[in-house]
Structure formats: C-alpha cells, structure tokens
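Please open the model in your viewer and keep the sequence panel visible. The tour below goes from one selection to the next.

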Amino acid sequence: MFADRAEAGRRLAERVKALALPRPVVLALPRGGVPVAAVVARSLGAPLGLIFVRKIGVPGHEELAAGAVAEGAEPVFNARVLASIGKRAQDFAGIVAAKRAEIADRRALYLGGAADPDLTDATAVVVDDGIATGATLRAALATLRGRGTARIVLAVPVAPVEARADFAGLADDILILEEPRDFWAVGAHYRSFPQTSDAEVIATLAAARPPPA
C-alpha cells in the first residue's frame with residue numbers, strides 16, 4: 001500500500017537509481033503517471049517527457065479496452081477482446097481517428113510548443129502509477145523502438161502478478177514494486193489516489209523543464 005503517488009515515486013526512484021542507467025530520460029503516461037514520474041526524474045537528474053496514449057474502448061462499454069493508440073504509431077488491439085465482441089481492428093477506424101485528435105489536443109494543452117526530450121541512444125524509463133489491463137502501456141512501449149532508444153525500462157509501483165510475463169518482450173528491464181495476486185484496481189493499492197488534473201500535469205512539467213540558456 002502506497003500513501004500516494006509521490007511516495008510511490010520515491011520508492012520507485014530508489015530501484016531505478018540502482019540500475020545506474022546511462023542517459024536516462026523519464027517518460028510518463030498522463031495523467032496519473034506524471035506525479036510518479038516527476039519524482040523519479042528529479043532523483044535521476046533526468047529530463048521528464050510524456051508519451052501520449054489513448055485507450056480505445058468498446059462502444060457501449062468504454063471502460064473495456066479493445067486496444068490503445070499512441071501518438072505517431074499504429075493502434076494496438078487486444079485480440080481476445082476483439083474476438084469476444086465479434087469485431088475487427090478496422091471496425092474501430094472512426095474511434096482511432098477521434099483518439100488521435102484527442103492526443104493532439106492533449107499535446108497542445110500540456111506542452112504547448114515545448115520540444116520532446118531527445119531519445120537518441122537514451123535509456124527510456126517509462127513510468128505510470130500502475131498497470132491494470134496494460135493496453136495503454138503496450139501501445140506506449142511499442143512506439144519507442146522506432147525512436148532511437150538504446151534501452152527501454154518499464155517502471156511502475158504496482159501491477160498484477162502476470163504483468164511481468166505479459167510485458168517481457170516489450171521492455172529490456174521491468175521494475176514492479178508490488179505484484180499482488182489479488183489485484184482488481186490500481187487505486188486500491190494507494191491510500192490517497194485522487195484523479196490527477198490537467199492543471200497538475202501542466203505545473204509539474206513546467207517545474208521539471210530546465211531554465212532557458
């Protein structure tokens with residue numbers, strides 16, 4: 001049980017620092033991953049960036065993830081979910097287009113014209129506040145292989161016990177602090193788990209940005 005996202009970030013930072021990573025760049029999944037990732041980035045003295053991903057929900061049951069789409073990448077779908085609802089990936093073309101528009105709006109809101117951290121030959125440390133279905137994280141990790149990263153580290157405070165095997169081929173290193181067998185929601189493992197606001201994301205990114213030269 002974590003007190004809040006800040007404490008989860010402090011505990012996660014200790015584990016990440018122990019890896020002595022070359023050229024780390026910390027990448028958060030907004031919104032909930034940002035407060036955790038900011039603590040990790042400060043501890044490492046590393047740049048803080050974002051990976052923009054949106055869940056593709058099943059129509060009428062949007063909480064169920066059929067897949068996810070990350071900025072600049074093809075959508076990633078859950079074959080088991082598609083089979084269970086009798087749909088194909090191409091049936092979601094309209095939803096995917098809408099999600100890409102949402103991603104563009106989020107980028108403008110959170111970053112304005114600020115540049116992304118350079119990932120060339122860097123170690124990308126991908127941070128979220130936890131893993132539930134893993135749909136958005138799978139899409140996020142899939143985008144990084146084509147962006148010149150030398151190494152990808154997935155670092156989260158909590159995830160189901162099967163998550164490590166599920167993500168084994170998507171990251172070079174996987175750090176999970178707590179892997180409960182009885183897992184039903186990320187927030188159940190935090191004493192305080194309020195929704196992270198857009199204003200908090202914007203303020204956290206602004207505070208992490210280096211001053212102009």
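Is Arg 23 buried, partly exposed or exposed? Select Arg 23 in this predicted model: its relative accessible area is 42%, so Arg 23 counts as partly exposed. Arg 23 sits in the loop between helix 1 and strand 1. Its phi is positive, about 45°, although the residue is not a glycine.

Stay in that loop and select Ala 20, which also lies between helix 1 (5-17) and strand 1. Ala 20 has a positive phi too, near 50°, and is likewise a residue other than glycine. Its relative accessibility is 62%, so Ala 20 counts as exposed.

**The whole chain**

Now zoom out. The protein chain has seven helices and eight strands. Its radius of gyration is 17 Å, close to the 17 Å that the globule rule gives for 213 residues, so the chain is as compact as a globular protein of that length. Along the principal axes, the C-alpha trace spans about 50 × 40 × 30 Å.

Colour by burial next: buried residues make up 46% of the 213 residues. Then turn on the surface, which has an accessible area of about 10,300 Å², with 53% of it belonging to carbon and sulfur atoms. For charge, select the 25 positive and 24 negative side chains; the centres of these two sets lie 1 Å apart. Among contacts with a separation of 6 or more, 66% are between residues 24 or more positions apart.

**Strand 1 and its partners**

Select residues 24-28, which form strand 1; five of its five residues are buried. Show the side chains. In a regular strand the side chains alternate between the two faces of the sheet. Here Pro 24, Val 26 and Ala 28 point one way, while Val 25 and Leu 27 point the other way.

Add residues 123-127, strand 6, which pairs with strand 1 in the parallel sense over five bridges. One place to look is Pro 24, whose bridge partner in strand 6 is Thr 123. Then add residues 48-50, strand 2, which runs parallel to strand 1 and is joined to it by three bridges. Ala 28 has Leu 50 as its bridge partner in strand 2.

Go past the end of strand 1 to the loop that leads to helix 2 (33-44), where Arg 31 is placed. The peptide bond from Pro 30 to Arg 31 is cis, with omega near 5°.

**The sheet 3-4-5**

Select strands 3, 4 and 5. They form an open sheet in the order 3-4-5, with antiparallel pairing. Strand 3 (53-58) and strand 5 (76-77) stand at the edges with a single partner strand each, so one side of each is left without a neighbour in the sheet. Strand 4 (residues 61-70) runs antiparallel to strand 5, and two bridges join them. To find this pairing, select Gly 67, which stands opposite Phe 77 in strand 5.

**Last stop: Arg 54**

Which residues is Arg 54 in contact with, leaving aside its neighbours within four places in sequence? Select Arg 54, which lies in strand 3. Its contacts are Ala 68, Val 69, Lys 99, Glu 102, Ile 103, Arg 106 and Thr 136. Arg 54 has 24% relative accessibility and so counts as partly exposed, since buried means under 20%. To finish, draw a distance from Arg 54 to Val 36: these residues are 18 apart along the chain, and their C-alpha atoms are separated by 19 Å.

How values were computed
Residues are numbered from 1 along each chain as its sequence is written. This is a predicted model: local features need pLDDT of at least 70, side-chain atom pairs count only at pLDDT 80 or more; totals for chains, interfaces and linings use all residues. Side-chain values use heavy atoms; hydrogens and water are left out. Helices (H or I, at least four residues) and strands (E, at least two) are DSSP runs, numbered from the N terminus. The radius of gyration is taken over C-alpha atoms; the globule rule is 2.2 Å times the number of residues to the power 0.38. Buried means under 20% relative accessible area, exposed over 50%, partly exposed in between (1.4 Å probe, protein chains only). Contact means heavy atoms within 4.5 Å. Accessible areas come from the Shrake-Rupley method with a 1.4 Å probe; for residues, only the protein chains shown count as cover. Lys and Arg count as positive and Asp and Glu as negative; His and the chain ends are not counted. The place of a charge is taken as NZ of Lys, CZ of Arg, CG of Asp or CD of Glu. Two strands pair if DSSP finds at least two bridges between them.
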